[in-house]
Amino acid sequence: MSRSCWFSRRITAIASARESRLTRLQAALGYTFRDSSLLVRALSHKSLGTENNERLEFLGDAVLGYVVARRLFASRPGDGEDVMTLMRASVVKGETLAHVAQELGISEHLRLGIGEQRSGGHKRASILADALEAVIGAVHEDGGIIAAEQLVLRLFDDRLQRLDPGAIKDPKTRLQELLQGSGLALPEY
């Protein structure tokens, strides 16, 4: 076998393996891209170059916030804006997004520059969270708001249903509310 033939077969095998991995990720997402280049872009970290996921991340962040806010608004008619804001923040925070990204196996699909690869960037929570937001943005661009909303609800609805407004508040806020409710002075920090 000639060297050029071997090289051609190797390139084909690598492309086929990558496509197979993307197919598995799409199955985990429950969404099949019409334009798979959007998914590839969503998985491309800025360390790779100018063809990265930052713009899709920007869009995905907005879509995620909107869908979660809309779901909270519809499903929690007795809660005020302050409680819903805390609940939304607990769902869309980086830690939660990174956890969902890990559950989906996004880390094995990330495209990183050499420096990020060497420093373990595929495990970094901020990179995973950003990639998940970019995937949501990519689904929005590929299939529209309804497809993006379905994805967000598929990924986050269980978490939304299990939210406990009392447990979301940080200890400092809970202490202040307890003291105020009892007519006592607030602590000095």
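Start with the rings: the count comes to one aromatic pair in this predicted model. The partners are Y31 and F33, and with ring centres 5.0 Å apart and planes at 90°, the pair is edge-to-face, because anything over 60 degrees falls in that class. How buried are the two residues? Y31 has a relative accessible area of 13%, so it is buried, and F33, at 7% relative accessibility, counts as buried too. Both values sit under the 20% cut-off for burial.

Now step back to the whole chain. The secondary structure comes to nine helices and zero strands, so reading along the sequence just gives α-α-α-α-α-α-α-α-α. Of the 189 residues, 37% count as buried. As for contacts, take those between residues at least 6 apart in sequence: 65% of them join residues at least 24 apart.

A good way into the packing is helix α7, which runs over residues 125-161. One of its partners is α3, residues 54-75. The two axes are 8 Å apart and the helices pack at an angle of about 40°. That angle lies between the 35 degree limit for roughly parallel and the 65 degree start of roughly perpendicular, so α3 and α7 are oblique to each other. Their crossing is right-handed. What is the contact made of? By class, the residues where α3 meets α7 divide into 17 nonpolar, three polar and nine charged.

Next, look at how α7 meets α5, the helix spanning residues 94-104. Here the axes come within 6 Å and cross at roughly 75°. Since 65 to 115 degrees counts as roughly perpendicular, that is how α5 lies relative to α7. On the α5 side, the contact takes in G94, T96, L97, A98, H99, V100, A101, Q102, E103 and L104. On the α7 side, you'll find A125, L128, A129, L132, E133, L155, F156 and R159. Sorted by class, this contact has eleven nonpolar, four polar and three charged residues.

Which residues of α5 are buried? They are T96, L97, A98, V100, A101 and L104, and each of these also appears in the contact with α7. E95 is another story: at 61% relative accessibility it counts as exposed, because the cut-off for that is 50%. E95 lies in α5, and its C-alpha is 6.8 Å from that of A125, although the two residues are 30 apart in sequence. A125 itself is one of the α7 residues that meet α5.

At the other end of α7's list is R159, a residue that lies in helix α7. Is R159 buried or exposed? At 17% relative accessibility, it counts as buried, since that is under 20%. Leaving aside residues up to four places away in sequence, R159 touches T96, H99, V100 and E103. These four are among the α5 residues that meet α7, and two of them, T96 and V100, are on the buried list for α5.

Finally, follow α5 to where it stops. The helix is followed by G105, and the phi of G105 is positive, near 80°.

Key:
Residues numbered from 1 in each chain as written. Predicted model: local features only at pLDDT ≥ 70, side-chain atom pairs only at ≥ 80, totals over all residues. Heavy atoms only, no water. Axes fitted to C-alpha atoms, helices over the stretch in contact; angles between N-to-C directions. Helix = DSSP H or I, 4+ residues; strand = E, 2+ residues; numbered from the N terminus. Parallel < 35°, antiparallel > 145°, perpendicular 65-115°, else oblique. Left-handed = near helix turned anticlockwise from the far one by under 90°. Nonpolar A, V, L, I, M, F, W, Y, C, P; charged D, E, K, R; others polar. Phe/Tyr/Trp six-rings, centres within 6.5 Å; stacked < 30°, edge-to-face > 60°. Buried < 20%, exposed > 50% of the residue type's maximum accessible area, 1.4 Å probe, protein only. Contact = heavy atoms within 4.5 Å.
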